[in-house]
Protein chains: 2
Amino acid sequence: MPMYKGGYWGKVLVVNLTEGAFREEDLPPEIAKNFIGGVGIGVKYLFDKVKAGTDPLGPDNKLIFAVGPYTGTAVPCANRMAVVSKSPLTGTIAASFAGGYFPVELKKAGYDALIVEGKADKPTYLWIRNGEFRLRDARSVWGTQTSDCQQIIKDELNDQNARVACIGPAGENLSKMACIINERRAAGRKGLGAVMGSKNLKAIAVRGTNTVRVASEDKFKATRSEMIKAMKESFVLYEAFAQAGTPLGVEHMSLMGIFPIKNWTATAELTIEETLGLKVQDSRKVGRTHCYGCPVGCSQLHLAKGTPYGGILAEGPEYETFYSFGGQTGVDNIDSIIAADRLADELGLDTISAGVAIGFAMELYEMGILAPAHTNGLELRFGNHEAMVKLLQMIAFREGLGDVLSDGVKVAAQRIGKGSEKYAMHVKGLELPAYDVRGAKAHGLNYATSYTGADHNRGYAFQEIMGIPIPFSANGLSVEKKGELTKWNQDAQTALCDCTAICSFILPMALMPIALSNTSALLEAVTGNTYTEDDILKVGERINNLARMFNAREGFTRKDDSLPERLMTEPMKGGPCDGSLISQKELDLMLDEYYTARGWDLETGIPTKEKLADLGLEYVTE
Amino acid sequence: MPMYKGGYWGKVLVVNLTEGAFREEDLPPEIAKNFIGGVGIGVKYLFDKVKAGTDPLGPDNKLIFAVGPYTGTAVPCANRMAVVSKSPLTGTIAASFAGGYFPVELKKAGYDALIVEGKADKPTYLWIRNGEFRLRDARSVWGTQTSDCQQIIKDELNDQNARVACIGPAGENLSKMACIINERRAAGRKGLGAVMGSKNLKAIAVRGTNTVRVASEDKFKATRSEMIKAMKESFVLYEAFAQAGTPLGVEHMSLMGIFPIKNWTATAELTIEETLGLKVQDSRKVGRTHCYGCPVGCSQLHLAKGTPYGGILAEGPEYETFYSFGGQTGVDNIDSIIAADRLADELGLDTISAGVAIGFAMELYEMGILAPAHTNGLELRFGNHEAMVKLLQMIAFREGLGDVLSDGVKVAAQRIGKGSEKYAMHVKGLELPAYDVRGAKAHGLNYATSYTGADHNRGYAFQEIMGIPIPFSANGLSVEKKGELTKWNQDAQTALCDCTAICSFILPMALMPIALSNTSALLEAVTGNTYTEDDILKVGERINNLARMFNAREGFTRKDDSLPERLMTEPMKGGPCDGSLISQKELDLMLDEYYTARGWDLETGIPTKEKLADLGLEYVTE
């Protein structure tokens, strides 16, 4: 075993699939200090080790799994991991996150991060057990759905306590909306499953039994208690959120008028809200589950009723999936949404991108741009749940129209032509999540500038969406001061959640008022490294700048920091945000302010040398 | 822990769900000696404890799980269990068998048998761990498919090494063709899943870590070696059978002309044989699995390709399922057969009864007895694989025509009327398995007389079907000496497999020539009890007589030992058995000979007092 240093083993496992070779690298203490863990380690390694112009689906791309310094300790809600790579969907950095049980096993097996490089010459899976590792033939699981894959591998390894992260058929078929699944959790977005598939890597199984210690037990107890106290004091976390989970958002966003439906041609009406958010909780919930070490357990188990979906269970649908398979497709059959959610998990597809792509295709069909000849005869009208489920399968298997959609709406629109680009709801190729940013403009600026494309999780504007006034309050319909706010949101979320691996739900719902001070104290207690509150935000800023430089090296500039044409030209209809849009002028105003706040060049949107030097990133040239 | 006696713990766990009470009963040594284990213990307890006229789906019925004396020892292929109850499908005794991993856990937990009685007042599951037991709330898994149910229960118990036997939606909905599933194995036939559902018992989870010892290590080693040597010498077991499993039967039975298709209106042609038996092996196999302690591993993992079934994995389809979802429905789409097999396992439906019922409905539809108005619009023609899959779901959820079929073809025909009884292929309510007995008449006599209805596994006529001349050779088209042969087959299979829990595949394929002597030696080595070869056959005879008395007590007599009208009036068409049928006269001739061989009354088919006394069953009156 590597020697354990509070928070870190100091070891990164690198697996070269081309050579079938393993090596352990030291995790330099300065990387631990300056990038903390999780996405920080992922972005740092990706920038340093993946050259500009690398084919995301080629052997030179790398797939990085990185846990946080708290993972495996008694810090609640910290047993998560970042998965980082170059995205085949956007060409930018991809960063997704997953909880469950796999991350803590990876940490307990002795590693802070796992880097997968090269390409196996045949279907392969990786087996890591307490510092031992080997590659195994994956022919018996190639083609399988994700839950079968996990079970068969556990059986093969004769270890029912192993945890498995794997891809489904979508990842094998290089769908650019393929995800990675462990247990029933997903590192969902940006096509990370296709990267794994391109390497012929079906799965990673891991089992760890080492103890993860902290640098100072005394400091740890006090700061952990403070955190748990703040969680207990939250009036939503253990009640509404634990009992109903993210589907609560359907009601909340509908009331705010920012729940988009039917490929963003409308916002939710009361009927949709009633159908989805409330009904599912009353009539389909059978239980809930926890990630490892989580006292909340927000993940709801829903069970479909009757035929043809009866008996199908989903860990979900989460809020975003009600948006994508419900809102975007106009489907109000709850059981079909539950079934599609499960099917997406089994096939290994990102529910957001897949549902948005299906909604996009439905709008084109309704408009006559697509006809039955393009859809294998599917009547692809809004609301047709059977067509939705079938098209989902076609996406995973790249059949017919499914093949076109499998590359995401940006590329699909280019292939379909006939003006369909106008209806493709994405930023930098990443399909839009479930917030109509015409009514939440800082969130819109975040979509436009996030280093991963339209990503609600890189700088969630909880000031607009939840009314939490930190660092200041904000009105979603206004563009005022949104540049500064978005910088803060991105840096704070990066440092406080994406690096520490703390669950991004408990941050706004419970921890926000104490987050910086508590994180400072907790990081010292766990790792022995000291951070001021400013240091912590600076870690977030450092990572956002380094990620921006990765994207700049790939050719992304200010021109790419945009929003779909529809959001900039079509005003919202009805509800509290009636008439709102984000004009090019408003976006430019927000971008100017954002780049200024970030110290980036106003013309190119690229970090200045001074800013990079300020962040200790002098080595990052251009 | 109970004290261990070679082969037995001497303990039966009785769970009364009405009272939420448990008690441990001693397994009397004379029951162990005279009934050996497995089905012997099951039939003995069922006869003694379930009164005549008991409602199979009422609280007074009992559900008995019993392992064999070898289970948990190093005897290969013996980690199986019998599940015994009164059948809701037939009203006779139900006995089904399953391997996998659950049975050995039950044995290692300290029990030779588990008896479930009464009815829980809400959905419940049972958790047994090394002599500790409790009932738990099953609301979180009620309604779930069987693989989800198993995983969720393991998660709830925080024990990934627990093994779970459970029912799916079909069992909850009291489908009389519902089965019990552990891992991906089924105690499949006769509606045992409905019995479990009627008790509000969703699942039984069990974990055992005790060591199972044998009475004499020295004798054990020698006899076990003899058994393993015979297995290794078999030219089919480790080659063809391990590599292809029971689907080999499709080719074999097609060549023999006894693979029935389209509700027994025809026998297989070359195209069917090519489509199913051979193609699946070449193109869909991804791996194979073993039951605990099995060196063969006959169970093939098949994976469906393309849409709409792509990515669906089945442990199977076994031979019988190719017959039911392929042959009987006329479906030649392999992927749909794989998908239907998996769906049946997930919903907890017996594939044989379900497929035969669908084939029956298809024939009625083709004839116009059923119309779209009866089928929810399904085009229920032979070969329509999408209709097959949908109807399967409707059976599990008892929707529309599915509700009618869910009670089995016998009752369905009574409800549908219009002469449909003529097309209902069953004996005593149990749908016919995959052997056209017009070309294998001892097997037909077995269907007619088996104590569980048309059951291929109670006295498999391997002489006719496989050409194994033990105790003498037999021609399938002839009725000569079939009474004596069927008695021998029933008694031998009961003793050698159903009581010892030895897998019924390795008996004809490897062990048959040494089976009686080896079993005699092995029983002595494991249990310390001594048996001559005649003693062993007499155990089988004892159980067949006691089971017959159970059925007689329920009103079954000679008149019920019959075959479907079609087999007795319509000659086979084409192939080696062209023109053959089993006339009433032939059946009567075989029955007379069979009753005579058995010492049963010729008029009633009921065991005589002399015969019962001879078998030590004096206490069984009338």
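In this predicted model, B:Arg185 and B:Glu315 are both buried. Their side chains meet in a salt bridge, with N and O 2.7 Å apart. B:Arg185 belongs to strand β11 (residues 185-187) of chain B and B:Glu315 to strand β17 (residues 313-315) of chain B, so this pair ties together parts that are 130 residues apart in sequence.

A salt bridge between helices can be described in much the same terms. The side chains of B:Arg598 and B:Asp491 meet at 2.8 Å, N to O. Here B:Arg598 sits in helix α24 (residues 584-598) of chain B, while B:Asp491 sits in helix α19 of chain B, so the link joins parts that lie 107 residues apart in sequence. B:Arg598 has a relative accessible area of 0% and is therefore buried. B:Asp491 also counts as buried, because its relative accessibility is 2%, and the cut-off for that class is under 20%. Turning to chain A, salt bridges that share partners join A:Lys487, A:Asp491, A:Lys538, A:Glu541, A:Arg598, A:Lys611 and A:Asp614 into one network.

Not every salt bridge is hidden from solvent, as helix α7 of chain A shows: A:Glu233 is exposed at 56% relative accessible area, and A:Lys229 is exposed at 52%. These two residues form a salt bridge whose closest N and O atoms are 3.3 Å apart. The spacing along the chain fits the helix, because A:Glu233 and A:Lys229 are 4 residues apart in α7 (residues 217-233) of chain A and are thus separated by about one helical turn. An α-helix has 3.6 residues a turn, so residues three or four places apart point the same way. Over all chains, the structure holds 95 salt bridges.

The next element to consider is helix α21 of chain B, which covers residues 515-527. With 13 residues at 1.5 Å a residue, this helix should span 18 Å, and its end C-alpha atoms are 17 Å apart, which agrees. Most of α21(B) is covered, with 10 of its 13 residues buried. Among the buried residues are B:Leu516, B:Leu522, B:Leu523 and B:Val526, along with polar ones such as B:Asn518, B:Thr519 and B:Ser520. The buried residues of this helix pack against four helices of chain B, namely α7 (217-233), α19 (482-499), α20 (506-511) and α22 (533-553). Just after α21(B) comes B:Gly528, with a positive phi near 85 degrees.

Finally, the two chains meet at an interface in which 34 residues of chain B are in contact with 34 residues of chain A. About 2,600 Å² is buried between chain B and chain A, and carbon and sulfur atoms give 46% of that area. B:Asp148, B:Gln160 and B:Thr307 supply 19% of the area that chain B buries against chain A, more than any other three residues.

Between chain B and chain A there are 4 salt bridges. One of them pairs the side chains of B:Arg184 and A:Asp155, at 4.0 Å from N to O. Across the interface, 6 residue pairs are in polar contact. On the side of chain B that touches chain A, the elements giving two or more residues are α4 (146-157), β16 (299-303), α12 (334-347) and α14 (385-397) of chain B. By class, this side of chain B has 12 nonpolar, 12 polar and 10 charged residues.

Note on methods
Residues are numbered from 1 along each chain as its sequence is written. Chains are lettered from A and ligands numbered from 1 in the order in which they are written. This is a predicted model: local features need pLDDT of at least 70, side-chain atom pairs count only at pLDDT 80 or more; totals for chains, interfaces and linings use all residues. Side-chain values use heavy atoms; hydrogens and water are left out. Contact means heavy atoms within 4.5 Å. Buried area is the accessible area (1.4 Å probe) that two parts lose on being put together, summed over both. A polar contact is a pair of N or O atoms within 3.5 Å; within protein, one must be able to donate a hydrogen and the other to accept it, and residues adjacent in sequence count only if both atoms are side-chain atoms. The expected span of a helix is 1.5 Å times one less than its number of residues. Buried means under 20% relative accessible area, exposed over 50%, partly exposed in between (1.4 Å probe, protein chains only).
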